[in-house]
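Trainee: I'd like to go through this chain with you. Can we start broad and then look at side chains?

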Amino acid sequence: MNELADRIEACGRFNNALEKCKTPGSPILDRFVSEQQASRRAPAVRNETLDSSKIIKGSELFDWMTGGLSASGVAVTEQSAMRVSAVYASVNLIGGALSSLPLPVYQRGQDGEKKRIDHDYWWLLNRQPTDALSAAVFWEFLTGSLLLNGDSFARIQRQGRSPMATGFDPLHKSRVTVVRKDGRLWYHVKNDEGKTEVIDQDDMIHVPGAGFDGCNGQSQIRHALRNAAGISLAADEYSGSFFTNGARPDIALELPGNPTTDQQDMMRNSWNERYRGLGNNHKPALLAGGIKVHELTMNAEDAQLIDTRKFQVEDIARIFGVPPHMIGHTEKTSSWGSGVEQMSIGFVKYTLQRHLVKFEQEFNRKLFRDRKTFVEFNTAGLERGDYKTRNEGYRIALGRAGEPGWITVNEVRKLDNLPPIAGGEKLHGGEESESTA
């Protein structure tokens, strides 16, 4: 009876909605119909029985049961990984570089030439994608989520049934569950009230990282960074305790005779009060009554603590694909080139570019319905050489020693953010220059 009553009530609501929204194209009716269709089409997240065969290292079940422990015994999470200086520097380097790049909108002509155009999306992608965030913060968030969690999510805001986007809401991976059904991806998103919304793939920006399984990319926290960051955290904790103890190795005090337990405790407490801690560092120890001091552990150099920490910096830099010198590790050179300039250009080509292409393709296929309009990051500023080398390249491009040029003066001035000048559209050399001569 209750089920029948619910159906009668639902039919009544539907009929009332139809009566109130007889005007074709009514936004209320459109929203009501779309919600009903989505509830019928969207797959539900079901509570399945626990499969013990899925509890393997790297899985979310394993992380939940073990607390995300690494081989070093230290739990590695998104927050704890960012306490490692190399991880923090790598994520900030890539995220900061990407967020500083302009993202203009282009239109492709019939001859294949692209032309920059004025478009409403320019403001969303370069200034303010949502009322709460600037574009730089938006891109840093998406990049950090991709680097640490393996996926970037941003919900596309649209007004009514219009295909035009009006904004982008960045979403943390913990709030999104991806479900695949009939070849389409559906996103179950928990909102601020704790309720779950179902979003179709056409209304979600989703950039997965390496190891994409059809729904999600692999989380670097659970895979590549698990042990590397865990060892770094363990080394940091050990270093802190080492200096807390006055930068001295563990020792044993040899007391003459056969001291009682109370005498042993009194001697141990007295030693800690006088010689433990940074404030008591390098104070001379005064021993009396035949007391002898014996070292029990190796010192920091013998334990190669510093070398271990240096290796972890290189290992983490390798995981993120950044040159070690760009995160402060300047001891060794890189195979990308002999100079710092060439290594920096290699960072743009081999590390940053792979992330840029993913973002470009995802935004282009979700925002534009035609094949002529697209967005593309401008990396010219990051790939510039030093001032002398850049000017030498401009001289060759403009034409020198009688050679024909392949770039105009105004195109050069545009690269350096300078306004065009009269007559700056002519190429040096070639038929046009000869005729004017």
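Mentor: We go from the whole chain to single residues, and this is a predicted model.

Trainee: How many helices and strands are there?

Mentor: The chain has 15 helices and 11 strands.

Trainee: What share of the residues is buried?

Mentor: Of the 437 residues, 35% are buried. The chain exposes about 27,600 Å². Carbon and sulfur atoms supply 51% of that area.

Trainee: And what part of the contacts is long-range, 24 or more positions apart?

Mentor: Such residues account for 59% of the contacts with a separation of 6 or more.

Trainee: Now the core. Which residues touch the most other members of the largest nonpolar core?

Mentor: Val87, Trp139, Phe168, Phe320, Phe359 and Phe363. That core holds 49 residues. Another core lies apart from it, with 10 residues. Phe153, Tyr187, Val189 and Met204 are among them.

Trainee: Take phenylalanine 320. What is it in contact with, leaving aside neighbours within four places in sequence?

Mentor: Val87, Ser90, Val91, Ile94, Leu147, Leu148, Leu225, Thr351 and Arg354.

Trainee: Lots of aromatics in that core list. How many aromatic pairs does the structure hold?

Mentor: Nine. One of them is tryptophan 139 with phenylalanine 359. Their ring centres are 5.6 Å apart.

Trainee: Why is that pair called edge-to-face?

Mentor: The planes stand at 90°, and edge-to-face takes over 60 degrees, so the pair qualifies.

Trainee: Where do the two residues lie?

Mentor: Tryptophan 139 is in helix 7, residues 135-149. Phenylalanine 359 is in helix 11, residues 340-367. The pair therefore ties together parts that are 220 residues apart in sequence.

Trainee: Buried or exposed, that tryptophan 139?

Mentor: Buried, at 2% relative accessible area. Phenylalanine 359 is buried too, at 1%.

Trainee: What about phenylalanine 168 and phenylalanine 363, how are their rings placed?

Mentor: The centres are 5.5 Å apart and the planes are at 70°, so this pair is edge-to-face. Phenylalanine 168 sits in strand 4, residues 165-171, and phenylalanine 363 in helix 11. They are 195 residues apart, so to speak of distant parts of the chain is fair. Both residues are buried.

Trainee: Which residues form the aromatic cluster?

Mentor: Phe138, Trp139, Phe168, Phe359, Phe363 and Phe377 form one cluster.

Trainee: Staying on helix 11, what's the story with asparagine 364?

Mentor: Asparagine 364 is in helix 11. Its relative accessibility is 18%, and the cut-off for buried is under 20%, so it counts as buried. Beyond neighbours within four places in sequence, asparagine 364 is in contact with Phe374 and Val375.

Trainee: Switching to strands. How do strand 6 and strand 7 run?

Mentor: Antiparallel, joined by five bridges. Strand 6 covers residues 184-190 and strand 7 covers 196-200. Tyrosine 187 stands opposite isoleucine 199.

Trainee: Which residue in that hairpin takes a positive phi?

Mentor: Glycine 194, with phi near 85°. The hairpin has five residues between the strands.

Trainee: Any charges next. What sits over the ring of tyrosine 106?

Mentor: The charged end of lysine 114, 4.7 Å from the ring centre.

Trainee: Last one. Where is arginine 83?

Mentor: In the loop between helix 4 (78-81) and helix 5 (85-99). Arginine 83 counts as exposed, at 56% relative accessibility. Arginine 83 and alanine 229 are 146 residues apart in sequence, yet 9.0 Å apart in space, C-alpha to C-alpha.

Methods. Residues are numbered from 1 along each chain as its sequence is written. This is a predicted model: local features need pLDDT of at least 70, side-chain atom pairs count only at pLDDT 80 or more; totals for chains, interfaces and linings use all residues. Side-chain values use heavy atoms; hydrogens and water are left out. A nonpolar core is a set of buried Ala, Val, Leu, Ile, Met, Phe, Trp, Tyr and Cys residues joined through side-chain atoms within 4.5 Å. Buried means under 20% relative accessible area, exposed over 50%, partly exposed in between (1.4 Å probe, protein chains only). Contact means heavy atoms within 4.5 Å. Helices (H or I, at least four residues) and strands (E, at least two) are DSSP runs, numbered from the N terminus. Accessible areas come from the Shrake-Rupley method with a 1.4 Å probe; for residues, only the protein chains shown count as cover. Two strands pair if DSSP finds at least two bridges between them. Rings of Phe, Tyr and Trp (its six-membered ring) pair if their centres lie within 6.5 Å; planes under 30 degrees apart count as stacked, over 60 as edge-to-face and the rest as tilted. A charge sits over a ring if NZ of Lys or CZ of Arg is within 6 Å of the ring centre and within 35 degrees of the ring normal.
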